[in-house]
Amino acid sequence: MESIYYVMAWACHRKCRHCYEDRFRPYVRGALEAVVREAEANFPRIVDHFPPRMTYLDQDDPRADGTFPEKTGRIILSGGESLLDAVRERVTYPVIERINAKYARQGGVKIVVQTTGDLLTDAIVGELTNLGVWMISVASVDDFHVGLEGPERQKRFVDGLTALFERHGLTKSGLSASTRNWHEEEGPLYSFFGATPDSWIGKLWPRGRAWQNGLSSATLADNFCNRWSGGLNFLRHGYNGSEVSVEPDGGVYPCCVKTRRPIGSLLEDSLIAILDSLAGVPAYEAITMGHPERMGIAYGWSEATFVERSATVTPKGAPYRNLCIGCDRFHEEVLGPVLEAARARRRAARGAAADPSRRELARLVER
Ligand code: SF4
Ligand code: SF4
């Protein structure tokens with residue numbers, strides 16, 4: 001697998017109006033304890049169900065003899081804000097330690113901690129580098145983050161953090177955050193990005209508060225699926241370009257945008273078992289090809305029907321069209337039983353592995 005985007009906990013100290021997720025917001029007292037406890041209770045099983053190796057064969061970089069080199073993939077640890085006091089010590093640091101232990105003798109892994117940068121101090125940067133974090137990625141440099149509006153404020157913010165990172169021996173990533181091979185550099189590194197109009201997320205996904213506030217400027221021409229953070233290549237877990245996102249409850253999604261239904265849960269199954277159970281399933285093959293408009297063809301939704309169902313009206317009353325809307329409807333109306341059948345196949349396979357006399361049952365369910 002090339003990349004896993006792991007949202008460990010919902011808590012954030014901000015409540016940005018462009019955020020793609022309503023649940024990223026401040027929580028206090030019992031509510032904060034509940035989201036931290038959810039993250040804390042689930043991460044051991046989630047990490048244990050990550051692939052046995054976080055490596056992939058890079059088909060874009062063939063050797064002279066036609067074979068493909070095995071490269072080390074990455075796990076991006078994110079929130080919300082993964083460095084909040086309540087989350088850092090109880091979730092983020094133990095997650096990093098568990099991931100390091102899991103992959104130490106299995107080809108390694110590059111750990112990226114994604115943060116707003118607001119809470120970084122010398123002590124925290126020191127702790128992260130001591131834990132072997134490969135990159136600290138500051139994701140808040142845009143006009144939507146309160147206090148960072150405009151180039152001057154952004155420059156002051158970036159300059160201050162750059163000095164902090166360089167005091168700790170981190171070097172600036174020379175590649176843009178949207179370059180797919182950015183993690184091939186030598187760490188430890190730091191990088192900056194944000195939801196700027198020129199970035200791959202600049203048009204904003206039709207999700208969360210961005211959607212509620214009518215901020216997504218995407219059209220039908222913006223196929224979020226066929227790009228970085230979309231569903232492209234998610235099923236091809238042995239190769240470059242494979243990426244999934246994971247939520248604090250173990251839910252797995254083919255994209256960071258997130259489908260209406262998770263494709264499985266890491267509390268129940270391994271990531272590889274979930275992906276393999278959807279290989280050859282037409283809707284998910286269309287997503288992995290970056291062509292969501294074809295996900296319904298085997299189920300009676302032509303491309304024209306899918307595009308028609310991709311039209312809606314925003315909460316602000318404006319007409320809106322995007323393929324992720326068609327994907328939402330298709331998941332709501334059609335894919336529930338398809339995902340349930342894949343889950344039943346996995347359950348049967350688990351049972352068969354534990355009890356050879358149940359192999360016949362597994363074979364029947366598979367049919
Ligand atoms: S955009 Fe980032 S900083 Fe803002 S609320 Fe969402 S997760 Fe928090
Ligand atoms: S079309 Fe569906 S699978 Fe593709 S990016 Fe949008 S929500 Fe994700």
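A residue counts as buried when its relative accessible area is under 20%, as exposed when that area is over 50%, and as partly exposed in between. Keep these limits at hand during the tour, which goes through a predicted model.

**Stop 1: Asp222 and Arg227**

Select Asp222. Its relative accessibility is 8%, so Asp222 is buried. Now add Arg227, which at 25% relative accessibility is partly exposed. The two form a salt bridge, and their closest N and O atoms are 3.9 Å apart. Elsewhere, a network of salt bridges with shared partners can be shown by selecting Glu21, Arg23, Glu247 and Lys258. Over the whole structure, a search finds 28 salt bridges.

**Stop 2: Arg14 and Asp118**

Go next to Arg14 and Asp118, whose side chains meet in a salt bridge with an N to O distance of 2.7 Å. Arg14 is in the loop that runs between strand S1 (3-7) and helix H1 (29-48), while Asp118 is in the loop between strand S5 (110-115) and helix H3 (122-130); the pair therefore ties together parts that lie 104 residues apart in sequence. Which of the two is buried? Arg14 is, with a relative accessible area of 15%. Asp118 has 28% and is partly exposed.

**Stop 3: ligand 1**

Keep Arg14 selected and display ligand 1, since Arg14 is one of the residues around that ligand. The others to select are Cys12, Lys15, Cys16, His18, Cys19, Phe24, Gly80, Thr116, His145 and Arg209. Sorted by class, this shell holds 4 nonpolar, 4 polar and 3 charged residues. Where does ligand 1 sit? It occupies the largest cavity.

From this shell, pick out Gly80, in the loop between strand S4 (74-78) and helix H2 (85-103). Look at the peptide bond that leads into Gly80 from Gly79: it is cis, with omega near 15°.

**Stop 4: a second cis peptide bond**

Move to Gly187 and Pro188. The peptide bond from Gly187 to Pro188 is also cis, here with omega near -5°. Pro188 belongs to the loop between strand S7 (171-172) and strand S8 (189-192).

**Stop 5: ligand 2**

Display ligand 2 and select the residues around it: Arg207, Cys225, Cys255, Val257, Lys258, Thr259, Ile287, Pro292, Cys324 and Cys327. Its shell has 7 nonpolar, 1 polar and 2 charged residues. The space that ligand 2 takes is the second largest cavity. Lys258 has come up before, as a member of the salt-bridge network with Glu21, Arg23 and Glu247.

**Stop 6: Cys255 and Cys256**

Cys255, in the shell of ligand 2, has a relative accessible area of 10% and is therefore buried. Cys256 is in no disulfide, and the nearest cysteine sulfur, that of Cys255, is 7.2 Å away. A disulfide needs the two cysteine sulfur atoms within 2.5 Å. Cys256 is buried as well, at 6% relative accessibility. How many disulfides does a search of the whole structure find? The count is 0.

**Stop 7: Arg53 and Glu70**

Select Glu70 and Arg53. Their side chains meet in a salt bridge, with N and O 3.1 Å apart. This pair links distant parts of the chain: Glu70 is in strand S3 (residues 70-72), Arg53 is in the loop between H1 and strand S2 (55-57), and the two are 17 residues apart. Both ends are partly exposed, Glu70 with a relative accessible area of 43% and Arg53 with 31%.

**Stop 8: Gln59 and Asn240**

Gln59 is in the loop between S2 and S3. Its relative accessibility is 29%, so Gln59 is partly exposed. Add Asn240, which is 181 residues from Gln59 along the chain; the C-alpha atoms of the two are separated by 6.6 Å.

**Stop 9: two positive phi angles**

End with two backbone angles. Arg29, found in helix H1, has phi near 40°, a positive value in a residue other than glycine. Leu204 is another such residue, with phi near 65°, and lies in the loop between S8 and helix H5 (208-212). Are these residues buried or exposed? Arg29 is exposed, with a relative accessible area of 71%, whereas Leu204 is buried, at 5% relative accessibility.

Conventions:
Residues are numbered from 1 along each chain as its sequence is written. Chains are lettered from A and ligands numbered from 1 in the order in which they are written. This is a predicted model: local features need pLDDT of at least 70, side-chain atom pairs count only at pLDDT 80 or more; totals for chains, interfaces and linings use all residues. Side-chain values use heavy atoms; hydrogens and water are left out. A residue is near a molecule or strand if one of its heavy atoms lies within 4 Å of it. On a 1 Å grid over the protein atoms alone, a cavity is a set of points where a 1.4 Å probe fits but cannot get out, and a pocket is an open set with protein on both sides within 12 Å along at least five of seven lines; lining residues have an atom within 4 Å of a point. A molecule sits in a cavity or pocket if more than half of its atoms lie within 2 Å of its grid points. Ala, Val, Leu, Ile, Met, Phe, Trp, Tyr, Cys and Pro count as nonpolar, Asp, Glu, Lys and Arg as charged, and the others, Gly among them, as polar. Buried means under 20% relative accessible area, exposed over 50%, partly exposed in between (1.4 Å probe, protein chains only). A salt bridge is a side-chain nitrogen of Lys or Arg within 4 Å of a carboxyl oxygen of Asp or Glu. Helices (H or I, at least four residues) and strands (E, at least two) are DSSP runs, numbered from the N terminus.
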